[in-house]
Amino acid sequence: MSRLIEPLILLLLCAVVISPPLLLSADAAVGAPTRDLFDHLALLDVWSLSVADWNYPEGGSLVPPDLFGMLLAAPWMRLSRSAAYNIATLCQLWLACLAAWALGRRFGSGLVCGVAYGLSPFLIGQVMSGEAETLSAWPLPLMVLLLLSSRRLAWAGAGALGAIGALGSWYYGAFMAIL
């Protein structure tokens with residue numbers, strides 16, 4: 001029973017952090033109105049490695065700063081750019097909670113681990129500052145969970161997860177390379 005209830009509790013807590021009225025807002029995105037937030041909103045559906053509108057007159061190259069956020073926002077872009085960003089942010093937090101919950105269940109209390117990691121002051125601070133590329137923290141606990149196994153296949157999976165995690169955040173990719 002707790003396998004169903006605890007993830008739903010974590011989702012509810014994540015929604016409270018995002019603020020339910022803000023979640024589907026067409027004209028307000030969660031986070032402080034900083035350049036980082038505006039960059040993430042502007043690049044939410046730019047699936048290109050070069051942009052003609054920036055670095056006038058030649059254009060410029062870029063790497064999408066929040067690949068997982070872009071993937072999670074894509075199905076919701078018809079609502080509005082802000083709503084898609086807010087939903088993607090909710091999903092990123094929930095994925096972090098679920099990953100830590102899975103790791104925590106191995107040691108006793110998944111709910112405590114899910115809240116402590118997924119709703120940590122660091123991640124909530126990133127949400128509120130608009131630094132969306134550091135919200136893709138979910139691969140870290142999953143990688144640790146795989147590394148705790150004694151099976152070679154799990155270790156190979158941990159390596160693959162590290163590479164996937166690096167696509168979402170170079171910062172976390174560096175941490176996972178050290179592991």
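This report describes the fold of one predicted model, beginning with the chain and moving on to its helices, loops and cysteines.

## The chain as a whole

The chain has 179 residues, and 42% of them are buried. It contains 10 helices and two strands. Read from the N terminus, the order of elements is α-α-α-β-β-α-α-α-α-α-α-α, with the two strands following the third helix. Of the contacts in the chain between residues at least 6 apart in sequence, 65% link residues at least 24 apart.

## Helix H5 and its partners

Helix H5 covers residues 81–107, which is 27 residues. From its first C-alpha to its last it reaches 40 Å, close to the 39 Å expected at 1.5 Å a residue. Just after H5 comes Gly108, with a positive phi of about 140°.

Two packed helices are described by the angle between their axes and the distance between the axes. The table gives both values for three pairs that include H5.

| Pair | Angle between axes | Distance between axes |
|---|---|---|
| H5 and H6 (residues 110–118) | about 140° | 7 Å |
| H5 and H8 (residues 139–147) | roughly 30° | within 7 Å |
| H3 and H5 | roughly 105° | within 10 Å |

How do H5 and H6 lie to each other? They are oblique, because their angle of about 140° falls outside the ranges for roughly parallel (under 35 degrees), roughly antiparallel (over 145) and roughly perpendicular (65 to 115). H5 passes H6 in a right-handed crossing. On the H5 side, the residues that meet H6 are Leu93, Ala96, Cys97, Ala100, Trp101, Gly104 and Arg105. Their counterparts in H6 are Gly110, Leu111, Cys113, Gly114, Tyr117 and Gly118.

The axes of H5 and H8 cross at roughly 30°, and that makes H5 roughly parallel to H8. The crossing of H5 past H8 is left-handed. H5 contributes Ala99, Ala100, Ala102, Leu103 and Arg106 to the contact, and H8 contributes Pro141, Leu142, Val144 and Leu145. Ala100 of H5 is thus listed in the contact with H6 and also in the contact with H8.

H3 and H5 cross at roughly 105° and are therefore roughly perpendicular to each other. In this contact H3 supplies Leu37, His40, Leu41 and Ala42, while H5 supplies Arg81, Ser82 and Tyr85.

## Residues in loops

Ser19 sits in the loop between helix H1 (2–18) and helix H2 (20–23). Ser19 has a positive phi of about 85° although it is not a glycine. With a relative accessible area of 26%, Ser19 is partly exposed.

The loop between H2 and helix H3 (35–42) holds Val30, and Pro33 is in the loop between H2 and H3 as well. Which of these two is buried and which is exposed? Val30 is buried, at 2% relative accessibility, whereas Pro33 is exposed, at 67%.

Each of the two has a partner distant in sequence. Val30 and Val127 are 97 residues apart in sequence, and their C-alpha atoms are 7.1 Å apart. Pro33 and Ser129 are 96 residues apart in sequence, with 7.9 Å from C-alpha to C-alpha. Leaving aside neighbours within four places in sequence, Val30 is in contact with Ile18, Leu22, Leu37, Tyr85, Asn86, Thr89, Val127 and Met128. Among these, Leu37 and Tyr85 also take part in the contact between H3 and H5.

Trp138 belongs to the loop between helix H7 (121–129) and H8. Its relative accessibility is 14%, and Trp138 therefore counts as buried. Not counting residues up to four places away in sequence, Trp138 touches Phe68, Gln92, Leu95, Ala96, Ala99 and Leu161. Trp138 and Tyr117 are 21 residues apart in sequence and 9.3 Å apart in space, C-alpha to C-alpha.

## Cysteines

How many disulfides does the structure hold? It holds zero. For Cys91, the closest cysteine sulfur is in Cys14, 9.5 Å from its own, which is too far for a bond, because a disulfide requires sulfur atoms within 2.5 Å. Cys91 is partly exposed, at 21% relative accessibility. Cys113 is also partly exposed, with a relative accessible area of 32%, and is one of the H6 residues that meet H5.

Notes
Residues numbered from 1 in each chain as written. Predicted model: local features only at pLDDT ≥ 70, side-chain atom pairs only at ≥ 80, totals over all residues. Heavy atoms only, no water. Buried < 20%, exposed > 50% of the residue type's maximum accessible area, 1.4 Å probe, protein only. Helix = DSSP H or I, 4+ residues; strand = E, 2+ residues; numbered from the N terminus. Expected span 1.5 Å × (residues − 1). Axes fitted to C-alpha atoms, helices over the stretch in contact; angles between N-to-C directions. Left-handed = near helix turned anticlockwise from the far one by under 90°. Contact = heavy atoms within 4.5 Å.
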